[in-house]
Amino acid sequence: MFDLYNYLDKYTSSSTLAVYRFFFGLLMCSSLLRFISKGWVEKLYILPKFHFSYYLFEWVKPLGEYTYILFFICFISSLFICIGFKYRISIIVFFLSFSYIELMDKTTYLNHYYFISVISFLLIFLPANASFSIDNLMSGKSYKKIPQWTVDCLKLMILIVYFYAGLAKLNSDWLLEAMPLKIWLSARYHFPLVGETLFQQEWFYYFMSWSGVIYDLTIPFLLLYARTRFFAFIMVIIFHLLTKILFPIGMFPYIMIFSAIIFFSPNTQDRILQKIKSLINQIVKMFKLNNKSKFDYVIKDVFNYKNQKIIIYCFTAFFTIQLLFPFRYVLYPGELFWHEQGYRFSWRVMLTEKTGWATFKIVNPIDGAYYYVDNSDFLTPFQEKQMSFQSDFILEYAHYLGDHFTAKNNIDIEVFVDNYVSLNGRKSQRFVSDTVNLYAQKESFKHKTWILPLSDEITGF
(Lines give C-alpha, C1' and ligand atoms only; values in the text may rest on other atoms or scores of the structure.)
Protein backbone atom coordinates (compact mmCIF):
# COMPACT_ATOMS: atom_id res chain seq x y z
CA MET A 1 0.00 0.00 0.00
CA PHE A 2 1.30 3.44 -0.93
CA ASP A 3 2.52 5.37 2.11
CA LEU A 4 2.32 9.07 1.29
CA TYR A 5 4.16 10.27 4.39
CA ASN A 6 7.13 7.95 3.81
CA TYR A 7 7.18 8.94 0.14
CA LEU A 8 7.33 12.64 0.99
CA ASP A 9 10.36 11.91 3.19
CA LYS A 10 12.30 10.31 0.32
CA TYR A 11 15.16 12.19 -1.33
CA THR A 12 17.15 11.89 -4.54
CA SER A 13 20.21 13.51 -6.10
CA SER A 14 19.88 17.21 -6.87
CA SER A 15 21.76 16.49 -10.12
CA THR A 16 18.52 15.25 -11.71
CA LEU A 17 16.80 18.64 -11.61
CA ALA A 18 20.08 20.46 -12.31
CA VAL A 19 20.55 18.50 -15.55
CA TYR A 20 16.91 19.03 -16.51
CA ARG A 21 17.15 22.76 -15.80
CA PHE A 22 20.35 23.10 -17.81
CA PHE A 23 19.01 21.37 -20.92
CA PHE A 24 15.60 23.02 -20.62
CA GLY A 25 17.15 26.48 -20.58
CA LEU A 26 19.60 25.61 -23.36
CA LEU A 27 16.86 24.23 -25.60
CA MET A 28 14.61 27.23 -24.98
CA CYS A 29 17.50 29.58 -25.87
CA SER A 30 18.07 27.82 -29.18
CA SER A 31 14.32 27.62 -29.91
CA LEU A 32 13.82 31.34 -29.43
CA LEU A 33 16.88 32.21 -31.50
CA ARG A 34 15.60 29.93 -34.25
CA PHE A 35 12.16 31.56 -34.15
CA ILE A 36 13.62 35.07 -34.41
CA SER A 37 16.23 34.19 -37.07
CA LYS A 38 13.58 32.72 -39.39
CA GLY A 39 11.65 36.00 -39.33
CA TRP A 40 8.61 34.44 -37.70
CA VAL A 41 8.17 37.25 -35.16
CA GLU A 42 7.47 39.71 -37.95
CA LYS A 43 5.56 37.25 -40.13
CA LEU A 44 3.26 35.90 -37.42
CA TYR A 45 2.87 38.75 -34.93
CA ILE A 46 3.71 42.09 -36.54
CA LEU A 47 2.56 41.99 -40.18
CA PRO A 48 -0.96 40.50 -39.78
CA LYS A 49 -3.78 43.04 -39.50
CA PHE A 50 -5.82 40.74 -37.29
CA HIS A 51 -4.93 38.12 -34.67
CA PHE A 52 -7.10 35.26 -33.44
CA SER A 53 -7.48 35.23 -29.66
CA TYR A 54 -8.15 32.54 -27.09
CA TYR A 55 -11.50 32.80 -25.34
CA LEU A 56 -11.11 34.78 -22.06
CA PHE A 57 -7.63 35.89 -23.17
CA GLU A 58 -8.70 38.41 -25.78
CA TRP A 59 -6.68 41.03 -23.91
CA VAL A 60 -3.43 39.28 -24.84
CA LYS A 61 -2.29 41.01 -28.03
CA PRO A 62 0.96 41.35 -29.99
CA LEU A 63 2.90 44.46 -29.03
CA GLY A 64 3.84 45.69 -32.49
CA GLU A 65 7.58 46.24 -32.86
CA TYR A 66 7.87 45.84 -29.07
CA THR A 67 7.11 42.14 -29.59
CA TYR A 68 10.85 41.74 -30.23
CA ILE A 69 11.50 43.02 -26.71
CA LEU A 70 9.15 40.37 -25.34
CA PHE A 71 11.09 37.66 -27.20
CA PHE A 72 14.38 39.14 -25.95
CA ILE A 73 13.13 39.03 -22.34
CA CYS A 74 12.06 35.42 -22.86
CA PHE A 75 15.46 34.57 -24.37
CA ILE A 76 17.46 36.19 -21.56
CA SER A 77 15.35 34.47 -18.90
CA SER A 78 15.91 31.10 -20.60
CA LEU A 79 19.66 31.75 -20.64
CA PHE A 80 19.57 32.58 -16.92
CA ILE A 81 17.59 29.38 -16.28
CA CYS A 82 20.27 27.37 -18.08
CA ILE A 83 23.09 28.74 -15.94
CA GLY A 84 20.97 28.95 -12.78
CA PHE A 85 21.28 32.71 -12.27
CA LYS A 86 18.52 34.28 -10.16
CA TYR A 87 16.66 31.09 -10.96
CA ARG A 88 13.35 31.75 -9.22
CA ILE A 89 12.90 35.16 -10.85
CA SER A 90 14.15 33.86 -14.20
CA ILE A 91 11.74 30.93 -14.38
CA ILE A 92 8.79 33.13 -13.40
CA VAL A 93 9.74 35.68 -16.08
CA PHE A 94 10.15 32.90 -18.63
CA PHE A 95 6.79 31.34 -17.79
CA LEU A 96 4.97 34.67 -18.05
CA SER A 97 6.73 35.88 -21.21
CA PHE A 98 6.52 32.54 -23.02
CA SER A 99 2.87 32.05 -22.08
CA TYR A 100 2.10 35.57 -23.29
CA ILE A 101 3.79 34.74 -26.61
CA GLU A 102 1.77 31.53 -26.82
CA LEU A 103 -1.50 33.36 -26.17
CA MET A 104 -0.89 36.25 -28.60
CA ASP A 105 -2.34 34.41 -31.59
CA LYS A 106 -4.35 31.19 -31.55
CA THR A 107 -3.26 30.51 -35.13
CA THR A 108 0.17 29.39 -33.91
CA TYR A 109 -1.16 26.86 -31.36
CA LEU A 110 1.04 23.78 -30.95
CA ASN A 111 0.96 21.09 -28.29
CA HIS A 112 4.60 21.57 -27.41
CA TYR A 113 4.07 25.28 -26.71
CA TYR A 114 1.50 24.27 -24.13
CA PHE A 115 3.89 21.61 -22.80
CA ILE A 116 6.63 24.22 -22.32
CA SER A 117 4.25 26.53 -20.45
CA VAL A 118 3.12 23.68 -18.18
CA ILE A 119 6.67 22.51 -17.45
CA SER A 120 7.94 26.04 -16.79
CA PHE A 121 5.03 26.56 -14.39
CA LEU A 122 6.00 23.43 -12.45
CA LEU A 123 9.66 24.47 -12.41
CA ILE A 124 8.73 27.67 -10.57
CA PHE A 125 8.12 25.59 -7.45
CA LEU A 126 11.00 23.12 -7.83
CA PRO A 127 14.57 23.50 -6.46
CA ALA A 128 16.21 23.15 -9.87
CA ASN A 129 19.00 25.49 -8.75
CA ALA A 130 19.90 23.41 -5.68
CA SER A 131 23.18 22.47 -7.37
CA PHE A 132 25.23 23.37 -10.46
CA SER A 133 24.03 26.95 -10.66
CA ILE A 134 25.35 30.48 -10.48
CA ASP A 135 23.02 30.88 -7.51
CA ASN A 136 25.23 28.35 -5.66
CA LEU A 137 28.29 30.49 -6.31
CA MET A 138 26.51 33.62 -5.14
CA SER A 139 25.08 32.04 -1.98
CA GLY A 140 28.16 29.93 -1.27
CA LYS A 141 26.16 26.74 -0.77
CA SER A 142 24.51 23.92 -2.69
CA TYR A 143 22.56 20.79 -1.83
CA LYS A 144 23.23 17.11 -2.49
CA LYS A 145 19.65 15.92 -2.09
CA ILE A 146 16.21 17.18 -2.99
CA PRO A 147 12.75 15.65 -2.31
CA GLN A 148 11.97 12.75 -4.62
CA TRP A 149 8.54 14.16 -5.48
CA THR A 150 10.10 17.22 -7.12
CA VAL A 151 11.52 14.94 -9.82
CA ASP A 152 8.53 12.61 -9.98
CA CYS A 153 6.09 15.42 -10.73
CA LEU A 154 7.96 16.16 -13.97
CA LYS A 155 7.96 12.45 -14.83
CA LEU A 156 4.21 12.36 -14.22
CA MET A 157 3.64 15.30 -16.56
CA ILE A 158 5.64 13.60 -19.32
CA LEU A 159 3.75 10.35 -18.71
CA ILE A 160 0.43 12.19 -19.10
CA VAL A 161 1.53 13.73 -22.40
CA TYR A 162 2.55 10.37 -23.90
CA PHE A 163 -0.28 8.27 -22.50
CA TYR A 164 -3.03 10.71 -23.43
CA ALA A 165 -1.54 11.06 -26.91
CA GLY A 166 -1.76 7.28 -27.18
CA LEU A 167 -5.35 7.16 -25.93
CA ALA A 168 -6.33 9.78 -28.51
CA LYS A 169 -5.01 7.49 -31.27
CA LEU A 170 -7.39 4.70 -30.24
CA ASN A 171 -9.97 5.67 -32.85
CA SER A 172 -11.21 4.09 -36.06
CA ASP A 173 -9.59 6.64 -38.36
CA TRP A 174 -6.12 6.04 -36.94
CA LEU A 175 -6.30 2.28 -36.41
CA LEU A 176 -8.62 1.04 -39.17
CA GLU A 177 -8.01 3.63 -41.91
CA ALA A 178 -4.40 4.64 -41.10
CA MET A 179 -5.56 8.24 -41.35
CA PRO A 180 -4.12 10.81 -41.55
CA LEU A 181 -0.68 9.14 -41.88
CA LYS A 182 -1.76 7.64 -45.21
CA ILE A 183 -2.24 11.14 -46.63
CA TRP A 184 0.98 12.55 -45.24
CA LEU A 185 3.30 9.65 -46.03
CA SER A 186 1.99 9.05 -49.55
CA ALA A 187 2.66 12.73 -50.31
CA ARG A 188 6.35 12.23 -49.44
CA TYR A 189 7.02 10.50 -52.78
CA HIS A 190 10.04 12.79 -53.36
CA PHE A 191 11.69 11.48 -50.16
CA PRO A 192 15.11 9.95 -50.96
CA LEU A 193 15.31 6.16 -51.50
CA VAL A 194 11.93 5.23 -49.95
CA GLY A 195 9.57 7.98 -51.16
CA GLU A 196 8.42 6.19 -54.32
CA THR A 197 8.56 2.69 -52.85
CA LEU A 198 8.00 2.22 -49.13
CA PHE A 199 5.94 5.39 -48.65
CA GLN A 200 3.48 4.22 -51.29
CA GLN A 201 2.76 0.87 -49.63
CA GLU A 202 -0.59 0.39 -47.88
CA TRP A 203 0.84 -1.89 -45.18
CA PHE A 204 3.41 0.74 -44.25
CA TYR A 205 0.71 3.28 -43.33
CA TYR A 206 -0.86 0.80 -40.92
CA PHE A 207 2.53 -0.20 -39.54
CA MET A 208 3.33 3.43 -38.72
CA SER A 209 -0.13 4.09 -37.26
CA TRP A 210 -0.12 1.08 -34.97
CA SER A 211 3.52 1.65 -34.03
CA GLY A 212 2.62 5.19 -32.99
CA VAL A 213 -0.14 3.95 -30.68
CA ILE A 214 2.04 1.29 -29.09
CA TYR A 215 4.89 3.75 -28.65
CA ASP A 216 2.81 6.44 -26.95
CA LEU A 217 1.02 4.04 -24.61
CA THR A 218 4.12 2.12 -23.50
CA ILE A 219 7.15 4.41 -23.69
CA PRO A 220 6.65 6.26 -20.36
CA PHE A 221 6.37 2.97 -18.49
CA LEU A 222 9.40 1.54 -20.27
CA LEU A 223 11.30 4.64 -19.23
CA LEU A 224 10.20 4.18 -15.62
CA TYR A 225 11.43 0.58 -15.45
CA ALA A 226 15.21 0.37 -14.97
CA ARG A 227 15.73 -2.78 -17.08
CA THR A 228 14.03 -1.31 -20.15
CA ARG A 229 15.06 2.32 -19.69
CA PHE A 230 18.07 2.38 -22.03
CA PHE A 231 16.14 0.57 -24.76
CA ALA A 232 13.23 2.97 -24.27
CA PHE A 233 15.52 5.99 -24.54
CA ILE A 234 16.95 4.68 -27.82
CA MET A 235 13.38 4.29 -29.06
CA VAL A 236 12.59 7.87 -27.98
CA ILE A 237 15.54 9.13 -30.03
CA ILE A 238 14.66 7.05 -33.10
CA PHE A 239 10.95 7.83 -32.96
CA HIS A 240 11.30 11.59 -32.54
CA LEU A 241 14.14 12.00 -35.03
CA LEU A 242 12.06 10.06 -37.54
CA THR A 243 9.05 12.32 -36.96
CA LYS A 244 11.35 15.34 -37.26
CA ILE A 245 12.57 14.12 -40.66
CA LEU A 246 9.12 13.22 -41.96
CA PHE A 247 6.96 16.03 -40.57
CA PRO A 248 7.46 19.78 -40.01
CA ILE A 249 6.75 19.86 -36.26
CA GLY A 250 9.45 22.26 -35.12
CA MET A 251 11.30 21.68 -31.85
CA PHE A 252 8.85 19.14 -30.41
CA PRO A 253 11.04 16.06 -31.11
CA TYR A 254 14.04 17.61 -29.37
CA ILE A 255 11.92 18.70 -26.42
CA MET A 256 10.65 15.15 -25.87
CA ILE A 257 14.12 13.62 -26.29
CA PHE A 258 15.66 15.87 -23.65
CA SER A 259 12.64 15.37 -21.37
CA ALA A 260 13.22 11.60 -21.36
CA ILE A 261 16.62 12.12 -19.70
CA ILE A 262 14.90 12.82 -16.38
CA PHE A 263 13.89 9.14 -16.12
CA PHE A 264 17.49 7.98 -15.73
CA SER A 265 18.86 7.03 -12.31
CA PRO A 266 20.48 9.56 -9.94
CA ASN A 267 23.90 7.97 -10.60
CA THR A 268 23.46 8.57 -14.33
CA GLN A 269 22.39 12.16 -13.64
CA ASP A 270 25.52 12.67 -11.54
CA ARG A 271 27.69 11.39 -14.39
CA ILE A 272 25.92 13.63 -16.92
CA LEU A 273 26.49 16.61 -14.65
CA GLN A 274 30.16 15.77 -14.27
CA LYS A 275 30.49 15.61 -18.06
CA ILE A 276 28.87 19.04 -18.39
CA LYS A 277 31.15 20.47 -15.70
CA SER A 278 34.20 18.96 -17.39
CA LEU A 279 33.18 20.50 -20.71
CA ILE A 280 32.68 23.90 -19.10
CA ASN A 281 36.08 23.69 -17.41
CA GLN A 282 37.68 22.90 -20.77
CA ILE A 283 35.98 25.93 -22.32
CA VAL A 284 37.16 28.08 -19.40
CA LYS A 285 40.74 26.89 -19.87
CA MET A 286 40.52 27.38 -23.63
CA PHE A 287 39.60 31.03 -23.21
CA LYS A 288 41.93 31.43 -20.19
CA LEU A 289 39.17 32.74 -17.97
CA ASN A 290 39.58 33.10 -14.22
CA ASN A 291 37.91 30.04 -12.78
CA LYS A 292 37.65 28.55 -9.31
CA SER A 293 37.01 25.20 -11.04
CA LYS A 294 34.18 24.13 -8.72
CA PHE A 295 30.55 25.16 -8.80
CA ASP A 296 29.87 24.00 -5.24
CA TYR A 297 31.36 25.61 -2.16
CA VAL A 298 29.60 24.69 1.07
CA ILE A 299 27.76 21.50 0.20
CA LYS A 300 24.73 20.86 2.38
CA ASP A 301 23.09 17.48 2.52
CA VAL A 302 19.34 18.03 2.03
CA PHE A 303 17.13 20.75 0.58
CA ASN A 304 13.95 21.14 2.63
CA TYR A 305 10.84 23.13 1.78
CA LYS A 306 9.48 25.54 4.36
CA ASN A 307 5.96 25.25 2.89
CA GLN A 308 5.99 21.78 1.35
CA LYS A 309 2.40 20.92 2.38
CA ILE A 310 0.97 23.94 0.56
CA ILE A 311 2.92 23.12 -2.59
CA ILE A 312 1.83 19.47 -2.44
CA TYR A 313 -1.82 20.55 -2.18
CA CYS A 314 -1.39 22.92 -5.13
CA PHE A 315 0.32 20.23 -7.23
CA THR A 316 -2.45 17.76 -6.38
CA ALA A 317 -5.02 20.22 -7.69
CA PHE A 318 -2.87 20.96 -10.74
CA PHE A 319 -2.49 17.31 -11.74
CA THR A 320 -6.15 16.60 -11.08
CA ILE A 321 -6.94 19.28 -13.66
CA GLN A 322 -4.36 17.85 -16.06
CA LEU A 323 -5.90 14.40 -15.77
CA LEU A 324 -9.51 15.53 -16.21
CA PHE A 325 -9.26 18.52 -18.58
CA PRO A 326 -8.51 16.45 -21.73
CA PHE A 327 -11.83 14.64 -21.25
CA ARG A 328 -13.94 17.80 -21.36
CA TYR A 329 -14.82 16.91 -24.96
CA VAL A 330 -17.43 14.44 -23.66
CA LEU A 331 -19.54 17.45 -22.68
CA TYR A 332 -20.04 18.29 -26.37
CA PRO A 333 -22.24 16.24 -28.71
CA GLY A 334 -20.97 15.15 -32.09
CA GLU A 335 -17.56 14.15 -33.43
CA LEU A 336 -14.63 15.81 -31.66
CA PHE A 337 -12.31 15.67 -34.68
CA TRP A 338 -14.97 17.52 -36.65
CA HIS A 339 -16.14 20.29 -34.34
CA GLU A 340 -12.92 20.42 -32.21
CA GLN A 341 -14.73 21.68 -29.10
CA GLY A 342 -12.48 20.44 -26.29
CA TYR A 343 -9.73 19.43 -28.71
CA ARG A 344 -6.90 21.79 -27.76
CA PHE A 345 -4.74 21.42 -24.63
CA SER A 346 -5.54 17.70 -24.55
CA TRP A 347 -2.33 16.19 -25.98
CA ARG A 348 -4.00 15.24 -29.25
CA VAL A 349 -0.99 15.19 -31.56
CA MET A 350 -1.17 14.87 -35.37
CA LEU A 351 -4.57 13.19 -35.45
CA THR A 352 -6.33 15.06 -38.24
CA GLU A 353 -5.75 16.35 -41.72
CA LYS A 354 -8.34 18.99 -42.45
CA THR A 355 -8.76 21.29 -45.40
CA GLY A 356 -11.49 23.82 -45.94
CA TRP A 357 -12.61 26.99 -47.60
CA ALA A 358 -14.83 29.72 -46.22
CA THR A 359 -16.49 32.59 -48.05
CA PHE A 360 -18.12 35.26 -45.89
CA LYS A 361 -21.19 37.19 -46.98
CA ILE A 362 -21.99 40.62 -45.56
CA VAL A 363 -25.75 41.31 -45.65
CA ASN A 364 -27.71 44.51 -45.17
CA PRO A 365 -30.79 43.26 -43.24
CA ILE A 366 -32.84 46.28 -44.31
CA ASP A 367 -32.89 45.70 -48.07
CA GLY A 368 -31.17 42.30 -48.34
CA ALA A 369 -28.25 43.67 -50.33
CA TYR A 370 -25.06 41.68 -49.87
CA TYR A 371 -21.47 41.30 -51.00
CA TYR A 372 -18.68 38.80 -50.41
CA VAL A 373 -15.45 39.34 -48.51
CA ASP A 374 -12.00 38.75 -49.92
CA ASN A 375 -10.31 37.09 -46.93
CA SER A 376 -6.86 38.09 -48.15
CA ASP A 377 -7.79 41.72 -47.37
CA PHE A 378 -7.73 40.86 -43.67
CA LEU A 379 -5.90 37.56 -43.14
CA THR A 380 -2.55 36.06 -44.07
CA PRO A 381 -2.65 32.78 -46.06
CA PHE A 382 -1.71 30.84 -42.91
CA GLN A 383 -4.47 32.49 -40.88
CA GLU A 384 -7.03 31.89 -43.61
CA LYS A 385 -6.08 28.22 -43.82
CA GLN A 386 -6.47 27.70 -40.07
CA MET A 387 -9.70 29.70 -39.94
CA SER A 388 -11.38 27.72 -42.71
CA PHE A 389 -11.92 24.53 -40.65
CA GLN A 390 -12.06 25.64 -36.99
CA SER A 391 -15.37 26.86 -35.61
CA ASP A 392 -14.06 29.31 -33.00
CA PHE A 393 -11.81 30.91 -35.63
CA ILE A 394 -14.77 31.28 -37.97
CA LEU A 395 -16.90 32.88 -35.27
CA GLU A 396 -14.19 35.29 -34.17
CA TYR A 397 -13.43 36.31 -37.74
CA ALA A 398 -17.14 36.81 -38.44
CA HIS A 399 -17.32 39.20 -35.47
CA TYR A 400 -14.26 41.05 -36.70
CA LEU A 401 -15.87 41.46 -40.12
CA GLY A 402 -19.15 42.46 -38.50
CA ASP A 403 -17.49 45.17 -36.43
CA HIS A 404 -15.48 46.39 -39.42
CA PHE A 405 -18.33 46.66 -41.89
CA THR A 406 -20.84 47.94 -39.33
CA ALA A 407 -18.50 50.82 -38.54
CA LYS A 408 -17.74 51.37 -42.23
CA ASN A 409 -21.38 51.41 -43.39
CA ASN A 410 -22.86 52.85 -40.20
CA ILE A 411 -25.56 50.16 -40.13
CA ASP A 412 -26.00 46.89 -38.24
CA ILE A 413 -25.05 44.24 -40.78
CA GLU A 414 -25.28 40.43 -40.73
CA VAL A 415 -22.48 37.96 -41.43
CA PHE A 416 -22.99 34.54 -43.02
CA VAL A 417 -20.46 31.99 -44.20
CA ASP A 418 -20.40 29.45 -47.01
CA ASN A 419 -18.01 26.88 -45.58
CA TYR A 420 -16.93 23.35 -46.55
CA VAL A 421 -14.42 21.11 -44.76
CA SER A 422 -12.77 17.77 -45.49
CA LEU A 423 -11.61 15.57 -42.59
CA ASN A 424 -8.97 12.86 -43.01
CA GLY A 425 -9.53 12.37 -46.72
CA ARG A 426 -13.34 12.35 -46.61
CA LYS A 427 -15.41 14.16 -49.18
CA SER A 428 -15.84 17.76 -48.08
CA GLN A 429 -19.18 18.76 -46.56
CA ARG A 430 -20.73 21.91 -45.21
CA PHE A 431 -19.27 22.68 -41.78
CA VAL A 432 -21.15 25.75 -40.57
CA SER A 433 -24.81 26.45 -41.28
CA ASP A 434 -25.11 29.09 -44.00
CA THR A 435 -28.43 30.30 -42.59
CA VAL A 436 -27.06 31.47 -39.23
CA ASN A 437 -26.04 35.08 -38.71
CA LEU A 438 -22.67 34.51 -37.02
CA TYR A 439 -22.45 38.14 -35.98
CA ALA A 440 -25.36 37.47 -33.61
CA GLN A 441 -23.65 34.42 -32.05
CA LYS A 442 -21.50 34.78 -28.94
CA GLU A 443 -18.39 32.83 -28.02
CA SER A 444 -18.72 30.72 -24.87
CA PHE A 445 -17.99 27.26 -23.52
CA LYS A 446 -21.43 26.13 -24.69
CA HIS A 447 -21.89 23.79 -27.64
CA LYS A 448 -22.00 25.62 -30.97
CA THR A 449 -25.31 24.46 -32.36
CA TRP A 450 -24.63 26.09 -35.72
CA ILE A 451 -21.93 23.51 -36.52
CA LEU A 452 -23.43 20.89 -38.82
CA PRO A 453 -22.78 17.24 -37.85
CA LEU A 454 -20.26 15.06 -39.65
CA SER A 455 -21.98 12.69 -42.07
CA ASP A 456 -19.74 9.83 -40.91
CA GLU A 457 -18.87 8.17 -37.62
CA ILE A 458 -15.47 7.91 -35.96
CA THR A 459 -15.43 5.48 -33.05
CA GLY A 460 -13.01 5.43 -30.15
CA PHE A 461 -11.54 8.08 -27.86
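The paragraphs below describe the two largest pockets of this predicted model.

Start with the largest pocket, which holds about 1,600 Å³ of space. Its lining is made up of 48 residues. To find the middle of this pocket in the structure, look for Tyr109, Leu110, Pro248, Phe382 and Gln386, the lining residues that lie nearest its centre.

Several helices take part in this lining. Helix H2 (15-37), helix H3 (40-46), helix H5 (87-103), helix H6 (111-123), helix H13 (252-260) and helix H17 (381-387) each supply at least two residues. Among these helices, H2 gives the most, with five residues. Sorted by class, the lining of the largest pocket has 27 nonpolar residues, twelve charged ones and nine polar ones.

Now turn to the second largest pocket. The volume here is about 1,100 Å³, and 38 residues form the lining. Nearest the centre of this pocket lie Tyr54, Tyr55, Phe57, Phe325 and Phe345.

Helices contribute to this pocket as well. H5, H6, helix H15 (308-324) and helix H18 (391-409) each supply at least two residues of the lining. The greatest contribution comes from H5, with six residues. By class, the lining of the second largest pocket has 20 nonpolar residues, together with nine polar and nine charged ones.

Two helices are worth tracing in both places. H5 and H6 each supply at least two residues to the lining of the largest pocket, and each also supplies at least two to the lining of the second largest pocket.

Terms used
Residues are numbered from 1 along each chain as its sequence is written. This is a predicted model: local features need pLDDT of at least 70, side-chain atom pairs count only at pLDDT 80 or more; totals for chains, interfaces and linings use all residues. Side-chain values use heavy atoms; hydrogens and water are left out. On a 1 Å grid over the protein atoms alone, a cavity is a set of points where a 1.4 Å probe fits but cannot get out, and a pocket is an open set with protein on both sides within 12 Å along at least five of seven lines; lining residues have an atom within 4 Å of a point. Grid points are joined across faces, edges and corners, and a volume is the space filled by probe spheres set on the points. Helices (H or I, at least four residues) and strands (E, at least two) are DSSP runs, numbered from the N terminus. Ala, Val, Leu, Ile, Met, Phe, Trp, Tyr, Cys and Pro count as nonpolar, Asp, Glu, Lys and Arg as charged, and the others, Gly among them, as polar.
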